[in-house]
Structures are given as structure tokens and as C-alpha cells.
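Welcome! Open your viewer, get comfortable with rotating and selecting, and let us take a walk together.

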2 protein chains.
Amino acid sequence: MHSQNLINVISDALPNLNKSESKVAEVILSDPDAATQSSIATLAKRAGVSEPSVNRFCKRFNAVGFPDFKLKLAKSLVSGIRFVNRNVNPEDGVTSYTPKIIDSTINNLALVRDHISHSRVNQVVDKLIQAKRIYFFGLGASGAVARDAENKFFRFNLPVSCHDDVLMQRMLASTGTTGDVFFIISHTGRTKEIVEVAEIARNNGSTVIGLTASNSPLAQQSSVALYVDVPENTDEYMPMSSRIVHLVILDVLATGVTLRRGPDFLPHLAKIKDSLKSTRYASDS
Amino acid sequence: MHSQNLINVISDALPNLNKSESKVAEVILSDPDAATQSSIATLAKRAGVSEPSVNRFCKRFNAVGFPDFKLKLAKSLVSGIRFVNRNVNPEDGVTSYTPKIIDSTINNLALVRDHISHSRVNQVVDKLIQAKRIYFFGLGASGAVARDAENKFFRFNLPVSCHDDVLMQRMLASTGTTGDVFFIISHTGRTKEIVEVAEIARNNGSTVIGLTASNSPLAQQSSVALYVDVPENTDEYMPMSSRIVHLVILDVLATGVTLRRGPDFLPHLAKIKDSLKSTRYASDS
DNA sequence: ATTATACGTAAAAAAACTACTTAATAATTG
DNA sequence: CAATTATTAAGTAGTTTTTTTACGTATAAT
């Protein structure tokens, strides 16, 4: 898998290490940040081992040598530290909670960037390209995401609509046919109503795309599912950021569709953009 | 300023660098990842400068020396913010456009994190706390943002609504009074209709909060304006990401309000969360 | 013309690595 | 079961690479 955290890898391997290697591991784990800044000699001395032992240690963990190891260690420190200990707490002022929330969102996006299945994205783009009609469904916060998606996809000259009303969703799903794509957005993927809607749509031969958590009932009911597993918020002050990840994935999909349509399609997009010009005050730049 | 990303720092400093320094900067920016893995000699050669020049370059950017610089560079690469001189182009496949779009979004978020005015955020939180009623207004893509905001803020036990219909907005603005807060979201801040609505609301003694571009007519009409200046997309394939930035800022504001309300308010939020439980399939974990 | 700044050369210092040796442990056989 | 032999682990010393420093030259600015 993509860049596993080096620190975790080391502490996992701890029991399988031999004497001097575990000494080195101990020192590194006790203060990883210091390790990234010390020379091989310093580290060897602190661990009470020889320099080549440290070097061998590095190579065991798939590094080219000591400097390369330090680099990898430093990298895993950044992503690690930002996850831990960056929760919002009641004492925080604007200066702390503002960057914390933004950083947490950034982190989630970075996670998705590294873990999303490109082949799945491609499959979804395929389905969207072939669609005769697209429905975007979501409830609550995902309703707003569906709304945004509608606003993006209508540009493709396709019948597109979005619905956040359970009854409407159910009725549309039951009248769907082959060629219809139901794009269903749900953070948990466990809302009964929405899973049922997915099932109804599928039974009618429509394509169901699920943007949701892996291993969720919705993911199982989907023809193609895009997994977004944003770490659960243990922190009550931290806002839910799966919405944002969903939006960005829809951006990715829209781009995929645009690219597939080819350069002949660009003038159409430009026309839509221009249509807004007269509604605006001229820019002073 | 908040721990600015080293890569951004370098590209910001680019115009102030002298000949050989800018050569070094060019090489590093063109492929930062490669830079972290090369020796000072390799880098110097590639930049066409001497080794001490590279060393001086490092020190200029507050590093102890070359190795330390490489470390810091590596760290800033992970923190998510990759250097995005990388536009989407027609030849891109999923594997390229997916990370490009996500990276660009991350980049914009990092920019806002580093440039947003904390005192303004505080002022807006003040206004929201004092509000007797909040209206979220937006058109087009910002309509979806307003929708999301409504979904977030209704939890505060306040009359909250969102509107993306110009006529509705106009009527509500004209009936607004002191104690009403009109939260107006607009990427450009130049849409005539929405600027007029802001003016009407203000003339009636309501508070107008603008989430929009600086130096825009809407910003001028607002009681308090939060500036979001996302760099213009020269690239036609790159989606507009100000929406996402707006959403995250609304997350920040909601958190600000929650914190201001104090811990007594948490049970209320928990109750809302619990109310959804029965609508879901049990989690298998 | 003089001073300051920018850049490079060359040599010294530091750091990292390699090859080789010794020690410790495990396995095998008399 | 002890002794010998493999086998693995760790260390020493020396080599190579890398980085830094000190100094000198060139170029630009005053």
C-alpha cells in the first residue's frame, strides 16, 4: 500500500529485531524528531551500538542508507503529528482552531488522494459518459453535495437533476430504466432509506454509483462504488469533512468526463461561462 | 505567520533572488522530490552553479545546511501541499488528473489557512452569536454552499434558512431588521443581483456578512467581509475550487460559534446526532 | 575608485559506507 | 553431551562520499 507510516512499521517490527537493532529502534521511537536531526555517529552513540549497525538498521527498513532513512522518517513524522494531537479543544482561540480545522481537511484530502482507486474512478467516468440521464441523490449534508454536483454536471448537455427528498428519490428510482444513472452520495452508507432506493434502482436495470464508505450497505448495493473512508471524528468540535472530500471527488469525475468528451466540447463550456458575464459588475483589474 | 510551506516560500521569494540562487530555486521547484534525494554536488551541477552556492541558498531559507534543508523540503512535500504548477492537460489519464485536482484544492486550502484574517473570523463569529436569525444566500455553485451552511447552523437552535432564488432573497432582505444576519456567499462578489440584495439588507439595519473576493463590490457592501482569493484558473480543465474553500470556512465559523456557546451546548449537539441513529443500519464494527 | 556583494575554487572537516574481523549463537556430529 | 563447525550478529578501521569553511576573484553599485 501507499506510504505506510514508518514509525508504525518500526514499532510493529520491534519484536522481530535483534539486540542492537532494537536498541536503535528504541532510541528512534523515543524521539523520532531528534533522530532526523542527528548524524549516524550521534545516533549510534546514543543507542550504544556501532555506526554500521545503525546503517544496517536503515537498510532493513527499505532505505538506501542513513540519510534516506532520515528523510523517510521526517516525512512520516509530518503526516503522523498532524493526525494526532491536533484536535480542537474548548480552550482554543481563533488562532488555533482555524488552522486546525483547515489542516484536518487537508489531511483527509491527502489521504483520499493516496488511497482512491483510479480504476474505479475510470469505471465511474465510463458510466457517466454512457448515461442518458443522471440523478444525484443525497440526504442532509450530502443533499448539498448532490446539489453542487447537479450544478457541475448540467454543463454536459445531459438531463441532470438532484433530489434530497426521500419520496421523490424512491419514485424516480422505481421509474428508472437502463441508461439512467443514479449517483448516490452518503457519508455512512447506512441510511436505510437511501440503501433501499439504491436497491430499487438496481432492480429496474439502472446503474447505481455510490459515493460512500467502504463495506457499507450502500457500497454493496452499488453497481460501482467509490470508497471514501474519512477517519471518524472522536473530537466533538471537529466538523465532519467527508462532504468536502465528496465534492472534490465530484470535481475529479467532472474533469474525467470533460477530458473524455475531447477538445471539441470546450467551446460549449466557454459559452456557459460567458452567459454569466452580463450579470456581473465589470472587474476593475 | 503560520508555518508556511517551504515550497511556497521559495516561489514567493523567487523575484528577490540573485542569479545563481534563482537557478537553484528553479531546479528545486521543477522537481522538489528529486531535490530531496540528490546530493549537493548533483544539485549544483544540475543548476549550473557551484556547491557553496547551493549551500548558501539553503542557509538563506533558514536551514542549518544542505541536509537540514532537504529534510525541511521533504516535510513540506508530505504536508499535502505539493507544488502545483501542474495543470490538467488533455493528454492526462486518471492517474494524473486525480492527484492534480486534489493537490490543487489542497493548495488553495493551505493558502487560505495562511492568509485568512483571524480577527475577521472572530468578528463574524461575534455577529453570528448575536444573530436572532440567519439567512444564507448564494447563487449557482454558491447556492449549494449556502445549503450546506443551513444544514450546519440550524443545529444552533436558531431560525436559519438558505435561499438561492434572487426574488426571495430580495424580498427577505427588504423585510430584514436589526438582529437579522444575511450571510452572502459569492465567489466573484460581482454578481449584480446579489450586491443589490446586500445593499438592501444593510439599508434596513441588518448585518451583512460577505464571504467573497477582496476588493469586490460585495465586500464593500458587507458589514464584515471574509476574503477568499483563490487564484484564478487559467486552466480550463481545472475545476473552480472556491466553493470548497467557502465550505471549510463555514466549518471554521460553526466551530467558532460552538466554542463560544461553551460546553453546556454539547449535549444539544449530541441529541441531534442521536436522532439519526434509528434511520441507519447498525454498523458491523 | 572604492566598497560591497555575488560567486567560485580548493582544501578541510564531517559524515556515511564498505570490507574485513571478531564475537556470539545455533547446528551438527563424534 | 561435549566439541566442532556453520551461521548469524556486531564491531573496527579505513575508504569514499558529502558537506562545509576559508579565502580569492569578479562584478556591480556608490
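Two strands count as paired when DSSP finds at least two bridges between them. Keep that in mind for the first stop, and remember throughout that this is a predicted model.

**Stop 1: the sheet of chain A**

Select the strands of chain A. They form an open sheet of 5 strands in the order β2-β1-β3-β4-β5, with parallel pairing. Now look at the edges: β2 (160-163) and β5 (224-227) of chain A each pair on one side only. On average, neighbouring strands in this sheet are turned by 15° against each other, ignoring direction.

Zoom in on strand β1 (residues 133-137) of chain A, which runs parallel to β2(A) and is joined to β2(A) by 4 bridges. Which residue of β2(A) stands opposite A:F137? Click on A:H163 and you have found the partner of A:F137.

Next, show helix α13 (residues 242-261) of chain A. This helix lies across β1, β3 (180-185), β4 (207-212) and β5 of chain A. Relative to β3(A), helix α13 of chain A runs at about 150°.

**Stop 2: the sheet of chain B**

Move over to chain B and select its strands. Here too is an open sheet of 5 strands with parallel pairing, and the order reads β2-β1-β3-β4-β5. The edge strands are β2 (160-163) and β5 (224-227) of chain B.

This time, follow β1 (residues 133-137) of chain B to β3 (residues 180-185) of chain B: the two run parallel and are joined by 5 bridges. Along this pair, B:R133 stands opposite B:D180. Then add helix α8 (residues 118-130) of chain B, which packs on the sheet and touches β1, β3, β4 (207-212) and β5 of chain B. The direction of helix α8 makes about 135° with that of β5(B).

**Stop 3: DNA strand C**

Time for the DNA. Select strand C and show the protein around it. There are 19 residues around this strand, and A:I40, A:N55, A:K59, B:S53 and B:R56 come nearest. Of the atoms of DNA strand C that come within 4 Å of the protein, sugar and phosphate account for 68%.

Try three close-ups:

- A backbone N or O atom of A:F66 is 3.0 Å from a phosphate oxygen of DNA strand C.
- At B:S50, a backbone N or O atom lies 3.2 Å from a phosphate oxygen of DNA strand C.
- The side chain of B:R56 has an N or O atom 2.9 Å from a base nitrogen of DNA strand C.

Which element gives the largest share of the surface near DNA strand C? Colour α5(A), which supplies 4 residues. By class, this surface has 6 nonpolar, 7 polar and 6 charged residues.

**Stop 4: DNA strand D**

Finally, select strand D. Around it are 18 residues, of which A:S20, B:I40, B:E51, B:N55 and B:K59 come nearest. Sugar and phosphate make up 70% of the atoms of DNA strand D that come within 4 Å of the protein.

Look for these phosphate contacts:

- A:K19 has a backbone N or O atom 3.3 Å from a phosphate oxygen of DNA strand D.
- A:S53 uses a side-chain N or O atom, 3.0 Å from a phosphate oxygen of DNA strand D.
- B:F66 brings a backbone N or O atom to 3.1 Å from a phosphate oxygen of DNA strand D.

To end the tour, colour α5(B), the source of the largest share of the surface near DNA strand D, with 4 residues. That surface divides into 6 nonpolar, 7 polar and 5 charged residues.

Methods: Residues numbered from 1 in each chain as written. Chains lettered and ligands numbered in written order. Predicted model: local features only at pLDDT ≥ 70, side-chain atom pairs only at ≥ 80, totals over all residues. Heavy atoms only, no water. Near = heavy atom within 4 Å. Polar contact = N/O pair within 3.5 Å; in protein donor to acceptor, adjacent residues only side chain to side chain. Nonpolar A, V, L, I, M, F, W, Y, C, P; charged D, E, K, R; others polar. Axes fitted to C-alpha atoms, helices over the stretch in contact; angles between N-to-C directions. Contact = heavy atoms within 4.5 Å.
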